[in-house]
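Trainee: Before we discuss this protein, could we look at the model together and go through it question by question?

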Amino acid sequence: MRPIQLPEPPSPTGRKGTPDIFESGVHTFVRRAVVIGNGFPASENQSIGLVRALGFSDKHLLYRVTRPRGGINEWLQWLPVSLHIKIKYIVTMISGYSPLLLRSQQKKFMPLPSENGTSAGLSTVLEADVKQIVNLARETYEKEGPLLVVASGRDTISTASSIKRLASDNVFVVQILHPRLSLNRFDMVITPKHDYYPLTPQGQKQVPQFLRSWITPRDPPDSHVVLTMGALHQIDFTSIRSAAAMWHDEFAHVPRPLLVVNIGGPTRNCQYGIDLAKQLAANVHNVLDSCGSVRISFSQRTPQKVSNIIVKELGNNPKVHIWDGQESNLHMGHLAWADAFVVTADSVSMISEACSTGKPVYVVGAECCRWKFTEFHQSLREQGVVRPFTGSEDISESWSYPPLNDTADAAKRVHEALAVRGWKVKN
């Protein structure tokens, strides 16, 4: 009788992957992931960052929940997206539009997203269809193993929770950003600590007694809620090192120290206008003597009146280069090559990325923020991660702190939660 030949056990010094049968313990392997997005780069960037931190390859599917835009739809943005779409359909039918046109719009492919001027590493973008994703998870489970589902943003909540409800044995669903109600609809919720600001003594003081039962969250986080300091993203040591090499020719000759200024735009909870723009321009002008060069970038949310003031006050200074939005996006090069950052207080994402570098980060406009965003900025200041930008700084004087590592920490918690179910990521 011919003996059965088993594969050789892996060598401790070998470089090849370990055969599954030699992995310690008994696991069901998670080999694939899908992202459910809402069309906003800052939100989808968080999901993609987590998936990459878990070790999945760059090529993965993005399913996107699309909310109708324009006309009456702008008045319906507060509704759950599923109800919004139904109302849109009814209104469209009454208005005499063809149902065939509606179906063709629902099935069309969406453009591939990009983040910071680079591809998000997605093979395709599809309309989110709960039934399709559930069937994918169920029908391929025996051959491919469980499906990791990562969603971010309010508009993805109903889709992600429905997938969990209909295929709970075949999926692990992570919801990024607090879903407000019924957190047990997800296997894990990842959200910033400041989302629990309503439960703090300061938050309670700001809410009248008769409204407190309407403010969420209402309960402290339980064991399946992972709290972060800031936003998740795709920036880590590897991406910074890669960007440093990629942008070497652009930045190697730039006089140092290099100060990078990232300007966002006002939000509901962080409102500002031309007054802050004038203050920022004056403060940058005051620190120019201690800078070798300054690079300024605007976001898509930056009001024209704000950018106009910055360009008027600083655009003619030989030390200052203002990104005009036409040339290649320099964001990754800035993160890799900057010696210090100034960031407007409105963007948790931009601040979180800058703080992941360990380099000095100055924030301007934090006094314009309210509600939970005051908690976010206060926490960063108390931990020595950021400082207010006053215009009296010596940019050549460096300081440091333990870089924010929220994405890697969240990925570790996902690994631990998968292990409890007997599952393990295998790439």
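Mentor: Helices here are DSSP runs of type H or I with at least four residues, and strands are runs of type E with at least two, both numbered from the N terminus. Counted in that way, the protein in this predicted model has 15 helices and 17 strands.

Trainee: What is the mean pLDDT of the protein, and over which residues is the pLDDT below 50?

Mentor: The mean pLDDT is 85, and 79% of the residues reach 70 or more. Residues 1–16 fall below 50 and have six contacts beyond near neighbours in sequence, while residues 97–121 are also below 50 but have 47 such contacts in the model. Where pLDDT is low, the predicted coordinates should not be read in detail. The mean asked for is therefore 85, and the stretches below 50 include residues 1–16 and residues 97–121.

Trainee: In what order do the six strands of the open sheet run, and which are the edge strands?

Mentor: Strands of a sheet pair through backbone hydrogen bonds, either parallel or antiparallel. In this open sheet of six strands the pairing is parallel, and the order is 13-12-11-14-15-16. Pairing on one side only marks the edges, namely strand 13 (320–322) and strand 16 (387–388).

Trainee: Over how many bridges do strand 14 and strand 15 pair, and which residue stands opposite Phe341?

Mentor: Strand 14 covers residues 340–344 and strand 15 covers residues 361–364, and the two pair in the parallel sense over four bridges. Within this pairing, the residue of strand 15 that stands opposite Phe341 is Val361.

Trainee: Which strands does helix 10 touch, and at what angle does helix 13 run to strand 14?

Mentor: Helix 10 (residues 274–287) packs on the sheet and touches strand 11 (258–263), strand 12 (293–298), strand 14 and strand 15, with its direction at about 180° to that of strand 11. Helix 13 (residues 348–355) lies across strand 11, strand 14 and strand 15, and its angle to strand 14 is about 165°.

Trainee: Which cysteines does the disulfide join, and what is its handedness?

Mentor: The cut-off for a disulfide is a pair of cysteine sulfur atoms within 2.5 Å, and Cys270 and Cys369 meet it with an S to S distance of 2.3 Å. Cys270 sits in the loop between strand 11 and helix 10, and Cys369 in the loop between strand 15 and helix 14 (372–382), 99 residues apart. Both Cys270 and Cys369 are buried. Because the torsion about the S-S bond of Cys270 and Cys369 is about -55°, the disulfide is left-handed.

Trainee: Why is Cys368 not bonded to the closest cysteine sulfur, and is Cys368 buried or partly exposed?

Mentor: The closest cysteine sulfur to that of Cys368 belongs to Cys270, and at 6.0 Å it is too far for a bond. With a relative accessible area of 25%, Cys368 is partly exposed.

Trainee: Which peptide bonds are cis, and what is the phi of Leu177?

Mentor: Most residues other than glycine have a negative phi, and most peptide bonds are trans. The cis bonds include the one from Thr216 to Pro217, with Pro217 in the loop between helix 7 (201–205) and strand 10 (225–228), and the one from Arg256 to Pro257. Leu177 lies in the loop between strand 8 (171–176) and strand 9 (188–192), and its phi is positive, near 80°.

How values were computed. Residues are numbered from 1 along each chain as its sequence is written. This is a predicted model: local features need pLDDT of at least 70, side-chain atom pairs count only at pLDDT 80 or more; totals for chains, interfaces and linings use all residues. Side-chain values use heavy atoms; hydrogens and water are left out. pLDDT is the predictor's confidence in each residue, from 0 to 100. Contact means heavy atoms within 4.5 Å. Two strands pair if DSSP finds at least two bridges between them. Axes are lines fitted to C-alpha atoms, for helices over the stretch in contact, and angles run from 0 to 180 degrees between N-to-C directions. Buried means under 20% relative accessible area, exposed over 50%, partly exposed in between (1.4 Å probe, protein chains only).
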